[in-house]
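Good morning, and thank you for coming. Please look at the sequence and the structure as they are shown here.

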Amino acid sequence: MMDFAHWLPIIWGVILIAAISIYVVLDGFDLGIGMLFALERDRTRRDVMVSTIAPVWDGNETWMVLGGAVLYGVFPGAYATLLPAFYLPIIVMLASLIFRGVAFEFRVMTRGTVRERHWDFGFMAGSALAAFCQGTILGGVIQGVSVTDGAFSGSAFDWMTPFGILCGLSVMCGYALLGATWLVWRTTGQLEAACRHWAARLAVGLFAGIVAVSLWTPFLHEPYLHRWTDWPDILLVAPVPLLLVALGALMASALRKGHSRVPFLCALGWFFLCLTGLGITIWPYAVPPSLTLWDVSSPPSSQFFQLVGTAIMLPIILTYTIYSYRVFRGKVSETDGYH
Amino acid sequence: MHNAHDIALLLARFQFAFTVGVHIVFPAFSIGLAAYLAVLEGLWLTTGRQVFLDLYRYWIKAFSIVFGMGVVSGLVMAYEFGTNWSIFSKKAGPITGVLLSYEVMTAFFLEAGFLGVMLFGMNKVGRGLHFAATCCVSIGTLISTTWILASNSWMQTPRGYRIDPTSGQFLPDDWLAIIFNPSFPYRLVHMTLAAFLSVAFAVGATGAWHMLKSRREGKISSEPVRVMFSMAMWMATIVAPIQILAGDAHGLNTLKYQPAKLAAMEGDWTSEGHAPELLFGIPNMKTEHTDYAVGIPLVGSLILTHSLDGKVPGMKDFPRDQRPPSQIIFFSFRIMVALGMLMLLVGLWSLWHRRNNTLFTSPLFHRVALAMAPAGFLALLCGWVTTEVGRQPWTVYGLLRTADSVSPVVLSSMVVSMTIFVIVYIFVFGSGLGILVRMLGHEPKEGESNPDPAQAPEILAIRTHPAVVNASTGKGA
């Protein structure tokens, strides 16, 4: 039992990283499409962009609720430390997601009035700000949180550092890339062509962001540096940057050659590698640099009870989520709405 | 006394009350409306009558707006426990966090997963599967209600836990005891019925509005309008009395497990038999007296103990620092009860009109039904104020004080977040309400689309999202 109690937080750490990853890529392309409203002014094409995600965005955002709930139930020590630490960016992110979420309906319901423009703007700005806040929160976790006696003891703006802002901008760029490649896959004609063009530029931006963050991170804390340079750890981590470059090359060629699905899958691959790299870097900390997964976890009885439910429910959830995506599969074109 | 910490605590409480108060209206609306939509689609499939499909398409647009607002305001709640109540989260998270996770996994995903199919998918999946999707969404809202009320009830009447002596954390001992804690069944029934009743009066008021409008324009009201009004009034007639019985049972449960809350709800200070029921009064927490009290002798004992000489608790039975603020819940409780009685009267009145065949022709009754539009929601909010303010000064009743639950967040951050929430909520949800009211101001038309069910959802989809139709399968393109 002692052994099992030791393993439970590890299992949950993996589940949490998986839930966050699923959220990041799924809502990532939703938020990315919101940001791409800045580049696409035409209402018909904006409608197509929204139509590709309207039936699924709600489920995508639910992964974020799951992330919050798992943190709350399984790692309450982390939930109670990280949320006060990132109080302001979290509040701004939630407010932004409100604008983004209601804009799906409101921009259509106010069609033909001046308010339609406002909700289009709310959709774009809400998406951009939410993405930026998520990035700075991520950066804030990597650079660490001041903790005394298990509670947050820093100040309200600790997260606002050059590193945090770099992470915020990188995540914005990354989500926009996910959105653009998603639209390459799901749309046709002029919009698809424009998205190929944007995707190529965004990919360059994200690559630069990843390189900058990767080079900066090891110098934030001593253990991070050792994780990436010590023998034999380096054998474990070396494939990450190599795969990153390989996927980038594949994406570039797929965008040029007119593949519709490959660029999106490559972008997903990039996110997967970045999140894996992040996990490797901060392991075994839940709240770097002081609280480990075991320091912040709830009693084994809570973790076990929740694990039973998760083992049953997660496969079911994934099944009907995939079903729902399949119902709405295929390309969406501009003429569809106007017959 | 009023140092920065106290003000921050007060703001944290006010912010939570504000955000959850706005939020709760939307899930309540969704719970009732999803069930109504499932009934409408089921009736359409079994009877084949166009009017049920018309009503389904009419109300699903309102549903998509209300549900969206519920999702975004609910996301705030999932994180606000941590931002504002981190000590509570850390101590109670092993119990309440786990229950919330179960809610997400068994309910939120189910609702969200099938909402897309429900809104946009009828011509893609066929009638049977589409009906199944509607039912999944409706069942999802009910599962969600169950979990969140289990969690809330556990905070009111905690059971099945142990307290860790070093960390002060609540450790789960017995999950069945945690979930089926003493107040849970009563709260679950009372809340679910409240959601149904709220939607019944919102639907009824919409029908009443259109009948009044038709009358003004010298037209006969359309069939969908009459059917929705009639269905809503049946709901009021049947559910209002059941809800009053459920509320009574819930009150007795509160008397047993949270007597201090009950004393504060009643404005009673000394424990006595033959207690009066106060109709009005202003409880004064300082002088320990309810001023200007107007009461009916013996009825207090009768209601609370179902006997004339039954002993009811008084606030003086409890130390001053364990009394909930009676001056708030004395009134919120009375407003809720008064609205409940009004809803009961409207339900009974509708029976009388039904018997006389004047249900669709009485302008006075339609005006009353229109005025009752927010009655269910107001009663529901007053009920929540009563039970949550009545839980004070505790977050976990009798065990963890609200003052010891709050996050170590500085006052200035609290002020900023409060400002953001107030502005964003008023703007966004105010706009949403405006859109909803305008949308319901349009009359549902009889057979406005091709009766061929394969065409219907496309028209809905196009109206809601102009380009949602899929190119590869696009039958209607």
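I shall speak about the contact between two chains and then about some helices of chain B.

This is a predicted model, in which local features need pLDDT of at least 70 and side-chain atom pairs count only at pLDDT 80 or more, while totals for chains, interfaces and linings use all residues. Residues are numbered from 1 along each chain as its sequence is written, and chains are lettered from A and ligands numbered from 1 in the order in which they are written.

Let me begin with the interface. Here 69 residues of chain A are in contact with 70 residues of chain B; contact requires C-beta atoms, placed from the backbone, to lie within 7 Å. On the chain A side, α5(A) gives the most, with 16 residues. Helices and strands are DSSP runs, H or I of at least four residues and E of at least two, numbered from the N terminus.

α5(A) packs with helix α2 (residues 50-84) of chain B at an angle of about 175°, the axes being 9 Å apart. Axes are lines fitted to C-alpha atoms, for helices over the stretch in contact, and angles between N-to-C directions run from 0 to 180 degrees. The two helices are therefore roughly antiparallel, a term for angles over 145 degrees. Residues making this contact include A:L94 and A:I98 of α5(A), and B:V72 and B:L75 of α2(B).

I turn now to chain B. Helix α5 (residues 127-156) of chain B has 30 residues and should span 44 Å at 1.5 Å a residue, counting one less than its number of residues; its end C-alpha atoms are 43 Å apart, which agrees. Of those 30 residues, 21 are buried, meaning that 20 or more other C-beta atoms lie within 10 Å of their own, whereas exposed means 12 or fewer.

Which residues of helix α12 (residues 363-371) of chain B are buried? They are B:F365, B:H366 and B:A369. Seen down the helix axis, they fall within an arc of 100°, taken from the directions from the axis to the C-beta atoms, so they line one face of α12(B). On the other side, B:P363 and B:L364 are exposed. The buried residues pack against α7 (184-216) and α11 (326-355) of chain B.

Finally, B:A246 lies in helix α8 (residues 223-257) of chain B. B:A246 is buried because 21 other C-beta atoms lie within 10 Å. Leaving aside neighbours within four places in sequence, B:A246 is in contact with B:V189, B:H190 and B:L193.

Key. Angles under 35 degrees count as roughly parallel, over 145 as roughly antiparallel, 65 to 115 as roughly perpendicular and the rest as oblique.
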